[in-house]
Amino acid sequence: MLPVLFIFSTLLPAVAAADTTAILQERCASCHNLKGPASATLAALWQRKGPDMFYAGNKYRSDWVEAWLQNPKRIRPAGMFYMDHIKPGPKRDLVDTSTLKGHLKLNAADAKAVAAALAGLKANSALIKAEKHDASMAPGPLGEMMFDKIYGCMACHQIEPGYGGVSGSEMYTAGKRLTPEFMLSYIRSPQAWDPKIWMPNKHVPKDNMQKLVNYIIDLSKENFDE
Ligand code: HEC
Ligand code: HEC
C-alpha cells in the first residue's frame, strides 16, 4: 500500500508553493475539516476521514507539521475510528494494518507553504489563552502512575510503540506534535474541542494536569526509532 501511494504522490504535477489555497482545497479538504465546526453527531465523527484542521494553528507545532508532511508516519495506531480497523486476536483485539492507508507526502516547498497556511487556522483561541503551561511542575515517578493507573489514560494511548491502547493517538510523539497549551486544554475538556469524541473528561486537578503534560513532553524526548 505505502509504495503505491508514494509513487502516486511523486507523479502528481508539482504545484507552485504560492498556490497553497489550491493545495489545501484540492488535496486536503476531502479528508480534513478546514473550516469547522467539529462533528456534531457520532455518525459524523465515525465517518471522519482525517483529524480536524480548522484549529491547526492552536494545536500543532508548525515545524513538526512541515517535517511530518514530507515524511508522514502513523499517529493513530488503529486509524481515525479504531472500530473500523481492529480484528479479533487470540488474547485481545489486534489492529488490522491491511485496512490502513499511508498518508500522502508533500515536497519540501509545498510542505513549508502548507504548514504556514495551517498555522494561520486559529479557531478556539479563547480555550488556548485560558491555559498557562508550567514546565517546572516535574512529574517524577508519578507521571506514569497517573497516566496508567490513576487516570487510565493508557487504556487508549500508547506511551511507547506497542505499549498502551489503540483507540487514541500515540502519546510518545505528542510532545513534538502539539503545543503544551493545547494538551492542557484538551485534557481539561476533550469535548470543548470535539463534542462527540470518546475521550472521557477525567476532571484532573490543575497541578496534576501540568504534571501529566510534562510527563507527555518527557516521553517525546526519548527517540523512538519507528
Ligand atoms: C485520504 C484522506 C487524507 C487526505 C487527502 C489528507 N489527509 Fe492528512 N490525515 C489523514 C489521516 C487519516 C490522518 C491521521 C493519520 C494518523 O493518525 O496516522 C492525517 C493526518 C494529518 C496530519 C497530522 C496531524 C494529526 O493530528 O494526525 C497533518 C498535518 C495532515 N494530515 C495534513 C494534511 C494535508 C496538509 C493534506 C493535503 C496536502 C492532507 N493531510 C491530506 C487523511 C488525509
Ligand atoms: C477512552 C479512550 C481515551 C482515554 C481513557 C483517554 N484518551 Fe486522550 N484521546 C482519546 C482520543 C480518541 C483522542 C483524540 C485523538 C484524535 O485526535 O484523533 C484523544 C486525544 C488526546 C490528546 C490530544 C492528542 C492528539 O494527538 O491530538 C491528549 C494530549 C490526550 N488525549 C491525553 C489524554 C490523557 C492525559 C488522558 C488521561 C487523563 C487521556 N487522554 C485519556 C482517547 C482517550
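This note goes through two iron sites, a nonpolar core and a few local features of a predicted model.

1. Conventions. The model is predicted, so local features need pLDDT of at least 70 and side-chain atom pairs count only at pLDDT 80 or more, while totals for chains, interfaces and linings use all residues. Residues are numbered from 1 along each chain as its sequence is written, chains are lettered from A and ligands numbered from 1 in the order in which they are written, and side-chain values use heavy atoms, with hydrogens and water left out.

2. The iron atom of ligand 1. Its protein donors are H32, through NE2, and H103, also through NE2, at 1.9 to 2.0 Å. Donors here are N, O and S atoms within 2.8 Å of the metal (3.2 Å for Na, K and Ca); water is not among the atoms, so sites may look incomplete. H32 sits in the loop between α2 (20-28) and α3 (42-47), and H103 in the loop between β2 (94-95) and α6 (108-119). The two are 71 residues apart, and the pair links distant parts of the chain. Helices (H or I, at least four residues) and strands (E, at least two) are DSSP runs, numbered from the N terminus.

3. Geometry of that site. Why is the arrangement around the iron atom of ligand 1 octahedral? The six donor atoms subtend angles of 86 to 180°, and this makes it so. Six donors count as octahedral if opposite donors are over 155 degrees apart and all others between 65 and 115.

4. Exposure of the two histidines. H32 is buried, at a relative accessible area of 15%, whereas H103 is partly exposed, at 33%. Buried means under 20% relative accessible area, exposed over 50%, and partly exposed in between (1.4 Å probe, protein chains only).

5. The shell around ligand 1. There are 22 residues around this ligand, and C28, C31, H32, Y60 and H103 come nearest; a residue is near a molecule if one of its heavy atoms lies within 4 Å of it. The shell divides into 14 nonpolar, four polar and four charged residues. In this count Ala, Val, Leu, Ile, Met, Phe, Trp, Tyr, Cys and Pro are nonpolar, Asp, Glu, Lys and Arg are charged, and the others, Gly among them, are polar. Helix α5 (62-70) supplies the largest share, four residues. A polar side-chain atom of R76 lies 2.6 Å from an oxygen atom of ligand 1.

6. The iron atom of ligand 2. Which protein atoms are donors to this iron? They are NE2 of H157 and SD of M199, lying 2.0 to 2.2 Å from it. H157 lies in the loop between α8 and β3 (158-160) and M199 in the loop between α11 (190-193) and α12, so the pair ties together parts that are 42 residues apart in sequence. This site is octahedral too, with angles of 86 to 179° among its six donor atoms. H157 is buried at 12% relative accessible area, and M199 is partly exposed at 22%.

7. The surroundings of ligand 2. It has 24 residues around it, the closest being R76, C153, C156, H157 and M199. R76 is thus named for this ligand as well as in a pair with an oxygen atom of ligand 1. Side-chain N or O atoms of S169 and of R177 each lie 2.7 Å from an oxygen atom of ligand 2.

8. The nonpolar core. The largest one has 47 residues, and L118, F147 and I216 have the most contacts inside it. Helix α12 gives the most to this core, with seven residues. Such a core is a set of buried Ala, Val, Leu, Ile, Met, Phe, Trp, Tyr and Cys residues joined through side-chain atoms within 4.5 Å.

9. A buried asparagine. N58 is in helix α4 (residues 56-59) and is buried, with a relative accessible area of 6%. Its side chain makes a polar contact with the side chain of S125 at 3.1 Å and reaches the backbone oxygen of K122 at 3.3 Å. A polar contact is a pair of N or O atoms within 3.5 Å; within protein, one must be able to donate a hydrogen and the other to accept it, and residues adjacent in sequence count only if both atoms are side-chain atoms.

10. Backbone points to check. The peptide bond from G36 to P37 is cis, with omega near -5°, and P37 is in the loop between α2 and α3. N124 is not a glycine but has a positive phi of about 65°; N124 is partly exposed at 26%. H203, also not a glycine, has a positive phi of about 50° and is exposed at 64%.

How values were computed: Tetrahedral: all angles 85-135°; square planar, octahedral: opposite > 155°, others 65-115°.
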